[in-house]
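User: I'd like a close look at one part of this model, with its pairing partners and surroundings spelled out. After that, tell me what else in the chain is worth a look.

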Amino acid sequence: MAGNSRRKGAMRKPGTKKGAVVGSGGQRRKGLEGKGPTPKAHERPNHKAYRKPLSPQAKQRNDTKRRDTGPTSELVAGRNPVLECLRAEVPATALYVAIGIDADDRVTAAVQLAADRGLSVLEVSRPELDRLTNNATHQGISLQIPPFEYSHPDDLLDIAKESGEDALLVALDGVTDPRNLGAVIRSAAAFGAHGVVVPQRRSASITAVAWRTSAGTAARMPVAVATNLTRTLKDWADTGLMVVGLDADSSITVDELELATGPIVVVVGSEGRGLSRLVRERCDETVSIPMAAGVESLNASVAAGVVLAEIARRRRVAGRI
């Protein structure tokens, strides 16, 4: 109608003043607020990807994320892995055994070893063990490993100073295989190093696999985490340490490593990629390992062992150890 000036579609409440319209009164505002990012497929229990095994790369990203957000426990699943961890005296807090398990020699031995160490042996239902191990193939048995206690990079310098010897430290740049990490720790302990440092990101962490590979030396060798490896190397260099990187293309061989008898940090790169650009630029010197023709490169942990053995030999000859 021509005389009706009210906006089309507006509805006046009965008994209200002219112009008032029906609305939510702000009560629906919360319904418009965001609920945060959508979880990834493998993080949603109702998604088929939740039950799909993660790729090694995804597992490594998750390991790094867990280490960034704080220490977490690890559950080792399966009869052989559990027994190997117990025999290697990997630190553990509890042994979970499924109710009604068909016990064989491995289960019997695992329970006995756990009892001898004073660990809690807990019987749980299979569905509960499935939940605890995230549906891994546990064969009715699982071992809980406590989070590893990492040191601070400065602690390694203090340990070297207290030893009365010239510092010998090992830094890993992009080594993502926990077996390599464990083997490096074992070599570092064997040849008198004072500690190992790993970067916070893109690096293997101390898992049960690393523990087993280190043959127990992870309990005695301090391992530190560097938020920024390049910055840590610079800080160490400022205190007088020489930074020596392993580089297959270097014209200087380990036979010519004159820096071996002084304070030194040996940097080992990843297998294949080697040292990252920023880390290589931070090195005072790079050395290579002379090898027979036809061999492209050595495993990262083997290369570290060769160089650490040569450093230890030179220090013995010089009477520094």
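Analyst: Strand 2 and strand 4 run antiparallel and are joined by four bridges. Two strands count as paired here if DSSP finds at least two bridges between them. Helices (H or I, at least four residues) and strands (E, at least two) are DSSP runs, numbered from the N terminus. If you want a spot to click on, the bridge partner of Tyr-96 in strand 4 is Ser-142.

Before going on, a word on where this comes from: the model is predicted, so local features need pLDDT of at least 70 and side-chain atom pairs count only at pLDDT 80 or more, while totals for chains, interfaces and linings use all residues. Residues are numbered from 1 along each chain as its sequence is written, and side-chain values use heavy atoms, with hydrogens and water left out.

Back to strand 2, residues 94–98, which also pairs with strand 3 (residues 120–124), this time in the parallel sense and over five bridges. Val-97 stands opposite Glu-123 in strand 3. Put helix 3 (residues 105–116) between those two strands and you get a right-handed β-α-β unit. Right-handed here means that, with the strands pointing away from the viewer, the path from the first strand over the helix to the second runs clockwise.

How much of strand 2 is buried? Five of its five residues are, so the strand is largely enclosed by the rest of the structure. Buried means under 20% relative accessible area, exposed means over 50%, and partly exposed is in between (1.4 Å probe, protein chains only). In a regular strand, side chains alternate between the two faces of the sheet. Strand 2 has Ala-94, Tyr-96 and Ala-98 pointing one way and Leu-95 and Val-97 the other, and all are buried.

The loops leading into these strands each have a residue to check. Ahead of strand 2, Glu-89 lies in the loop that follows helix 2 (79–87). Glu-89 has a positive phi of about 60° although it is not a glycine, and at 61% relative accessibility it counts as exposed. Gln-139, in the loop between helix 4 (126–132) and strand 4, also has a positive phi, about 55°, and is not a glycine. Gln-139 is partly exposed, with a relative accessible area of 36%.

Past strand 4 come some aromatic rings. Rings of Phe, Tyr and Trp (its six-membered ring) pair if their centres lie within 6.5 Å; planes under 30 degrees apart count as stacked, over 60 as edge-to-face and the rest as tilted. That rule gives two aromatic pairs. Phe-148 and Tyr-150 make an edge-to-face pair, 5.0 Å centre to centre with 75° between the planes. Phe-148 and Trp-211 are edge-to-face as well, at 5.9 Å and 70°. The Phe-148 to Trp-211 pair links distant parts of the chain, 63 residues apart: Phe-148 is in the loop between strand 4 (141–145) and helix 5 (153–163), and Trp-211 is in helix 7 (residues 208–213). Together the ring pairs link Phe-148, Tyr-150 and Trp-211 into a cluster. Phe-148 is buried at 15% relative accessibility and so is Trp-211 at 6%, whereas Tyr-150 is partly exposed at 27%.

Elsewhere there's an open sheet of six strands in the order 7-6-5-9-8-10, with parallel pairing. Its edge strands are strand 7 (223–226) and strand 10 (285–287), each pairing on one side only. The twist averages 25° from one strand to the next; axes are lines fitted to C-alpha atoms, for helices over the stretch in contact, and angles run from 0 to 180 degrees between N-to-C directions. Strand 8 (residues 242–246) pairs with strand 10 over three bridges, and Leu-246 stands opposite Val-287.

Arg-282 sits in helix 9 (residues 277–282) and is partly exposed at 31% relative accessibility. Contact means heavy atoms within 4.5 Å. Leaving aside neighbours within four places in sequence, Arg-282 is in contact with Thr-230, Leu-233, Lys-234 and Val-243.

For the overall picture, the protein chain has ten helices and ten strands, and 39% of its 321 residues count as buried.
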